[in-house]
Amino acid sequence: MTGPTREATADLITLPGTPLADAVVDVIRPVETPSVFNHSIRSYLFARLVAGRLGMAAGHDYHDDLLFAACAMHDLGVASDGPHSQRFEVEGADRAAAFLIDRGVPAADADQVWQAIALHTSPGIAERRGTLCVLLREGLALDFGGAMGAGHVDALTDEQADAVHAAYPRLDMIRSLTDAIVAQAGKNPKNAPRYAIPGEFLRERENFGRTRMEHACRSSRWGN
């Protein structure tokens, strides 16, 4: 099987390139590890593929800048410069919404991004809260590559995955992201509520040395 053409690859990995999207990149790149940054960008690229599979078009069914903002900033709650005073999903959602409003994005649009980020670890809820919530959840699920991403596995061919990973390598993403979530969770009891992702990751690392997600992802589509 031949790989994608140069033009198709360029389209696949092209970011929005708008002033807002460029500003989002400028915010997250200095404060996230390269692994988490790449994961955030891949989540957007994969979410865009899922949108196409679902028959959704940018500019009609969703606003591409808002999708990029939600995906790119969804782990801003574990950024090195954060206050780290509440669970990372909510902290990231608050920071993202404030950033967007400061740049003139209408409050209703910023709230869509807030919901998508705040709910991205909440299966069964995110899928009922609008297009951005669905696409962010499915994009990052594809990037995890295991059972989470099974619903739209055929949205991404192996050739497309190779092109995306060449541009944005994984860099041991699962361990890096889990490290960041656990470190943030351990700074304040409010950051690690029981039965929420950060709280469970912290307890699993403390008790077993590795989270169930880390174990499961070893046998996922990407292996890390």
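Before anything else, one term: when I say two residues are in contact, I mean they have heavy atoms within 4.5 Å of each other. You'll hear that a lot, starting with helix H9. And a caveat that holds throughout: what we're looking at is a predicted model.

Okay, H9. That's residues 173-185, so 13 residues, and from first C-alpha to last it reaches 18 Å, close to the 18 Å expected at 1.5 Å a residue. What covers its buried residues? Among the elements doing that are helix H3 (34-53), helix H5 (88-102), helix H7 (131-144), helix H10 (197-208) and helix H11 (212-217). Ten of the 13 residues of H9 are buried, so H9 is largely enclosed by the rest of the structure. If you want to find them on the screen, the buried ones include Met173, Ile174, Leu177, Ala180, Ile181 and Val182. There are polar names on that list too, including Ser176, Thr178 and Gln184.

Let me zoom out for a second. The chain has eleven helices and zero strands. So, reading from the N terminus, you go α-α-α-α-α-α-α-α-α-α-α. The radius of gyration is 17 Å, close to the 17 Å that the globule rule gives for 224 residues, so the chain is as compact as a globular protein of that length. Along the principal axes, the C-alpha trace spans about 50 × 45 × 35 Å.

Some whole-chain numbers while we're here. Of the 224 residues, 51% are buried. Take the contacts with a separation of 6 or more: 69% of them are between residues 24 or more positions apart. On the outside, the chain exposes about 10200 Å², and carbon and sulfur atoms supply 54% of that. As for charge, there are 22 positive and 29 negative, and their mean positions are 7 Å apart.

Back to the helices. H7, one of those covering H9, has 14 residues and reaches 20 Å from its first C-alpha to its last, close to the 20 Å expected at 1.5 Å a residue. Buried or exposed? 13 of the 14 residues of H7 are buried, so H7 is largely enclosed by the rest of the structure. Just after H7 you hit Gly145, which takes a positive phi of about 80°.

H2 is worth a quick look too. That's residues 19-28, and its buried residues are Leu20, Ala21, Ala23, Val24, Val25 and Ile28. Those pack against H3, H4 and H5.

Now the loops. Asp75 sits in the loop between helix H4 (64-72) and H5. This aspartate is buried, with a relative accessible area of 1%. So what does Asp75 touch? Leaving out residues up to four places away in sequence, Asp75 touches Glu32, Val36, His39, Ser40, Phe88, His120 and Leu177. Leu177, remember, is one of the buried residues of H9. And Glu32 is 43 residues away from Asp75 in sequence, with 8.4 Å between their C-alphas.

In that loop between H4 and H5 you'll also find His84. His84 counts as buried, at 10% relative accessibility. Its phi is near 55°, a positive value in a residue other than glycine. Most residues other than glycine have a negative phi. Tyr195 does something similar: not a glycine, but with a positive phi of about 75°. Tyr195 is in the loop between H9 and H10, and with a relative accessible area of 69% it's exposed.

Another tyrosine, Tyr62, lies in the loop between H3 and H4. Tyr62 counts as buried, at 9% relative accessibility. Which residues is Tyr62 in contact with, beyond its neighbours within four places in sequence? Those are Arg48, Ala51, Met56, Ala57, Leu67, Thr131 and Leu135. For a sense of scale, Tyr62 and Arg221 are 159 residues apart along the chain, and their C-alpha atoms are separated by 28 Å.

Last stop, Glu206, in helix H10. At 59% relative accessibility, Glu206 counts as exposed. The C-alpha atoms of Glu206 and Val182 are separated by 9.5 Å, with the two positions 24 residues apart along the chain counted as their distance apart. Val182 is one of the buried residues of H9, which brings us back to where we started.

Conventions
Residues are numbered from 1 along each chain as its sequence is written. This is a predicted model: local features need pLDDT of at least 70, side-chain atom pairs count only at pLDDT 80 or more; totals for chains, interfaces and linings use all residues. Side-chain values use heavy atoms; hydrogens and water are left out. Helices (H or I, at least four residues) and strands (E, at least two) are DSSP runs, numbered from the N terminus. The radius of gyration is taken over C-alpha atoms; the globule rule is 2.2 Å times the number of residues to the power 0.38. Buried means under 20% relative accessible area, exposed over 50%, partly exposed in between (1.4 Å probe, protein chains only). Accessible areas come from the Shrake-Rupley method with a 1.4 Å probe; for residues, only the protein chains shown count as cover. Lys and Arg count as positive and Asp and Glu as negative; His and the chain ends are not counted. The place of a charge is taken as NZ of Lys, CZ of Arg, CG of Asp or CD of Glu. The expected span of a helix is 1.5 Å times one less than its number of residues.
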